[in-house]
Amino acid sequence: MTKIVEILSATELRRTLNRMASQIVEKYGDLENLVLLGIYTKGVPLAKLLAHQIEVLEQVSVSVGALDITFYRDDLDQVGMRTPEKTTIPFDLTGKTVVLVDDVIYKGRTIRAALNAVIDYGRPETIGLAVLVDRGHRQLPIHPDFIGKILPTAKEEQVKVYLEDLDGRDAVELLSPTS
């Protein structure tokens, strides 16, 4: 049996993304050099949503790419083998301000792998990190620059992000095993 608690409703998720987009604009200012790289799977649509909101706020189109980090992971034996997605970065990263976008940060291993992958595609001026949910329990010294929601969790709990384009609804839920 699993207990499910809604952490963010569709409205709260939209407001959270609006706030994160505003924070990105405020921090980086020079949006001409800004690119967003979504990490598969949920980071890609989140990056697109953030780019759209930045365009609404600033009337500037921000380039979005998609990054698959499967072969950069050091923990494939623990997370299980998966079918790689296609990395799509239709622009040069050299000299750019890159913001990696992911749905949930946990141990930090996905982000470590993403950093290694990014360097294979160029040498950005700066790399930032935007995550929708930070659930703690880091194993590596990685801290997001933009956080939608800090959600302290137990290790046995799970955070599930649902996005309209992939799941038919927008929400963030916490799943807790019950005894």
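Hi everyone, this is a quick walk through one chain, from its overall layout to one helix and one arginine.

Keep in mind that we're looking at a predicted model. The chain has five helices and eight strands, and starting from the N terminus they go β-α-β-α-β-α-β-α-β-β-β-α-β. For overall size, the C-alpha atoms fill a box of roughly 50 × 35 × 30 Å along the principal axes. A compact globule of 179 residues would have a radius of gyration near 16 Å, and the chain has 16 Å, so the two agree. Buried residues make up 48% of the chain. And of the contacts with a separation of 6 or more, 69% are between residues 24 or more positions apart.

Now, helix α2, residues 43-58. Its 16 residues should span 22 Å at 1.5 Å a residue, and the end C-alpha atoms are indeed 22 Å apart. Its buried residues include V44, L46, L50 and I54. What do the buried residues of α2 pack against? That would be α1, β2, β3, β4, β5 and α5. Right after α2 comes Q59, with a positive phi near 55°.

Last stop, R135, in the loop between β5 and β6. Here's a puzzle: R135 is buried, yet it has no salt bridge. How far away is the nearest side chain of opposite charge? It's E157, at 5.8 Å, and a salt bridge has to be within 4 Å, so E157 doesn't qualify. What R135 does have is a polar contact of 2.9 Å with the side chain of T153, and its side chain also reaches the backbone oxygen of A154 at 3.0 Å. Among the other residues R135 touches are V104, Y106, L151 and V159.

Definitions and conventions:
Residues numbered from 1 in each chain as written. Predicted model: local features only at pLDDT ≥ 70, side-chain atom pairs only at ≥ 80, totals over all residues. Heavy atoms only, no water. Helix = DSSP H or I, 4+ residues; strand = E, 2+ residues; numbered from the N terminus. Buried < 20%, exposed > 50% of the residue type's maximum accessible area, 1.4 Å probe, protein only. Lys, Arg positive; Asp, Glu negative; His and termini not counted. Polar contact = N/O pair within 3.5 Å; in protein donor to acceptor, adjacent residues only side chain to side chain. Contact = heavy atoms within 4.5 Å. Expected span 1.5 Å × (residues − 1). Rg over C-alpha atoms; globule rule 2.2 N^0.38 Å. Lists of a residue's contacts leave out its neighbours within four places in sequence.
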